[in-house]
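Here's a quick briefing to read with the model open beside you. Let's walk through it piece by piece.

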Amino acid sequence: MSRRTRTKAADVPAQGAARCTVSVCRGCCCGTPKVPRIDHAAQLAELRGALAEVATVRPVGCLDACEHANVVVVQPSAEGRRAGGRPVWLGLVNDRDASADITAWIGAGGPGLAELPAVLDLYVFSPSRRVREHLED
């Protein structure tokens with residue numbers, strides 16, 4: 001392997017390592033009129049726009065956590081995972097202030113790299129192991 005090839009290969013993980021993944025549930029309850037008084041499409045678009053430089057935002061099917069409808073799961077970047085970060089499940093994310101708090105936290109580094117703001121403690125929940133494994137697959 002030439003020095004140029006090694007350098008390019010070494011650069012690839014570093015580029016992807018800085019990004020958290022934000023999964024936004026858009027299944028049976030989340031993202032539907034079953035959760036009223038929120039513009040679900042606008043929320044997803046705002047998260048994508050605000051986090052475009054620091055995270056991958058993706059809608060996912062039903063995460064089977066309907067009792068916490070409008071679920072957002074923040075998965076740490078590779079660097080955050082090495083620092084001990086684990087996915088953080090946030091439920092009832094039904095207003096713009098919550099989305100802004102999530103965005104600010106991820107902008108600061110997210111799980112493992114930045115302390116979870118106290119206000120987001122109100123949204124954190126632990127899904128069943130079966131549900132957690134579904135997202136991590």
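**A pair in the sheet**

S23 has V73 in β3 as its bridge partner. Before going further, note that this is a predicted model, where local features need pLDDT of at least 70 and side-chain atom pairs count only at pLDDT 80 or more, while totals for chains, interfaces and linings use all residues. Residues are numbered from 1 along each chain as its sequence is written, and side-chain values use heavy atoms, with hydrogens and water left out.

**The overall picture**

- The chain's secondary structure adds up to five helices and four strands. Helices (H or I, at least four residues) and strands (E, at least two) are DSSP runs, numbered from the N terminus.
- Reading from the N terminus, you meet the elements as α-β-α-β-β-α-β-α-α.
- The chain has 137 residues, and 41% of them count as buried. Here, buried means under 20% relative accessible area, exposed means over 50%, and partly exposed is in between (1.4 Å probe, protein chains only).
- About 7,800 Å² of the chain's surface is accessible, and 52% of that belongs to carbon and sulfur atoms. Accessible areas come from the Shrake-Rupley method with a 1.4 Å probe, and for residues only the protein chains shown count as cover.
- Take the contacts in the chain with a separation of 6 or more: 69% of them come from residues 24 or more positions apart. A contact means heavy atoms within 4.5 Å.

**The sheet, strand by strand**

- In what order do the four strands of the open sheet sit? The order is β2-β1-β3-β4, and the pairing is mixed. Two strands pair if DSSP finds at least two bridges between them.
- At the edges you'll find β2 (55-60) and β4 (88-90), each pairing on one side only. From one strand to the next, the twist averages 20°. For angles like this, axes are lines fitted to C-alpha atoms (for helices, over the stretch in contact), and the values run from 0 to 180 degrees between N-to-C directions.
- β1 and β2 run parallel, joined by six bridges. One residue to look for is C25, whose bridge partner in β2 is V60.
- β1 (residues 20-25) also pairs with β3 (residues 72-75), this time in the antiparallel sense over four bridges. Look for V22, which stands opposite V74 in β3.
- β3 and β4 run antiparallel too, with three bridges joining them. There, V72 stands opposite L90 in β4.

**What's covered**

- In a regular strand, side chains alternate between the two faces of the sheet.
- β3 is covered on both faces: V72 and V74 are buried on one side, and V73 and Q75 are buried on the other.
- β1 is mostly covered, with five of its six residues buried.

**Helices over the sheet**

- α2 lies across β1 and β2, and runs at about 160° to β2.
- α4 lies across β1, β2, β3 and β4, and runs at about 5° to β3.
- Q43 is a residue of helix α2. Is Q43 buried or exposed? Q43 is buried, at a relative accessible area of 6%.
- Leaving out residues up to four places away in sequence, Q43 touches R26, I38, N70, V93 and S99.

**The salt bridge**

- How many salt bridges does a search of the whole structure find? The search turns up one. A salt bridge is a side-chain nitrogen of Lys or Arg within 4 Å of a carboxyl oxygen of Asp or Glu.
- The partners are E46 and R96, whose closest N and O atoms are 2.4 Å apart. The pair links distant parts of the chain, since E46 is in helix α2 (residues 40-51) and R96 is in helix α4 (residues 96-107), 50 residues apart.
- E46 is partly exposed, with a relative accessible area of 32%, whereas R96 is exposed, at 60%.

**Cysteines without a disulfide**

- A disulfide is a covalent bond between the sulfur atoms of two cysteines. The rule used here asks for a pair of cysteine sulfur atoms within 2.5 Å, and the count comes to zero.
- C28 is in no disulfide, and its nearest cysteine sulfur, that of C66, is 3.4 Å away. C66 is in no disulfide either.
- C28 is partly exposed at 40% relative accessibility, and C66 is partly exposed with a relative accessible area of 27%.
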